[in-house]
Amino acid sequence: MSANPLQGAQFVLAAHRINQLPADSGAEVAFAGRSNAGKSSALNTLTSHRGLARTSKTPGRTQQMVAFSLPPLTQGEGQPPLDARLIDLPGYGYAKVPPELRDHWKQEIDAYLHQRRSLRGVVLIADIRHPLKEFDRMMLDFCFSTHLPCHLLMTKADKLSRGQATQALLAMRKSFPEGLHATAQIFSSPASTGVEEAREAVVRLLRQPRE
């Protein structure tokens, strides 16, 4: 892809509940990950919009489901452009929030993943330097059980040598259970590593028909 198909993303709304999200039509990809994994930075880099998603040194700033609209996405010949969105799910793990709010996030994310018909796939953000955490494994298990495609961005690859990053990627791919519709790649926002590959993966998910 020469031009960035995700450029032009715009904030639409922040929802506390799934019934506050935009109409359940078209196609959307959800971004999920622990609070300190670099999700906001990845969104900003992929959309070429530095201020699209908030970044902070304090993990857990995303405390709602945030919807971003994308420019109409071209499809195959004879098909109309696709109404597409990105959904930034609440960061999970280190956020210093009351237990009742954390429980609310769990319930709403679960409902979103099960009920949202326009959801075409998940981009899971995980720090390449650490093993997958419980939340990451839960997300992969959900994608496996529901046949929902998942693309794993192994972020902060600039913190490792190229050899270390490659080894981590190979080990991650080998750990995927057979039948999981998942792909994985090395990614770094500061070093612009894997940006084009990640954009292509997001567009591929958006264009994929819902089973």
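Biologist: Which residues does Ala126 touch, not counting residues up to four places away in sequence?

Modeller: This is a predicted model, in which local features need pLDDT of at least 70 and side-chain atom pairs pLDDT 80 or more, while totals for chains, interfaces and linings use all residues. Residues are numbered from 1 along each chain as its sequence is written, and side-chain values use heavy atoms, without hydrogens and water. With contact taken as heavy atoms within 4.5 Å, Ala126 touches Ala37, Leu132, Asp136, Leu152, Leu153, Met154 and Thr155.

Biologist: Is Ala126 buried or exposed?

Modeller: Buried means under 20% relative accessible area, exposed over 50%, partly exposed in between (1.4 Å probe, protein chains only). Ala126 has a relative accessible area of 7%, so Ala126 is buried.

Biologist: Which element gives the largest share of the largest nonpolar core?

Modeller: A nonpolar core is a set of buried Ala, Val, Leu, Ile, Met, Phe, Trp, Tyr and Cys residues joined through side-chain atoms within 4.5 Å. The largest has 41 residues, with Leu89 and Phe176 among those with the most contacts inside it. Elements giving two or more residues include β5 (119-127) and β6 (150-155); helices (H or I, at least four residues) and strands (E, at least two) are DSSP runs, numbered from the N terminus. The largest share, six residues, comes from α2.

Biologist: How are the rings of Phe11 and Phe68 arranged?

Modeller: Rings of Phe, Tyr and Trp (its six-membered ring) pair if their centres lie within 6.5 Å; planes under 30 degrees apart are stacked, over 60 edge-to-face, the rest tilted. Phe11 is in strand β1 and Phe68 in strand β3. Their centres are 6.4 Å apart and their planes at 65°, so the pair is edge-to-face.
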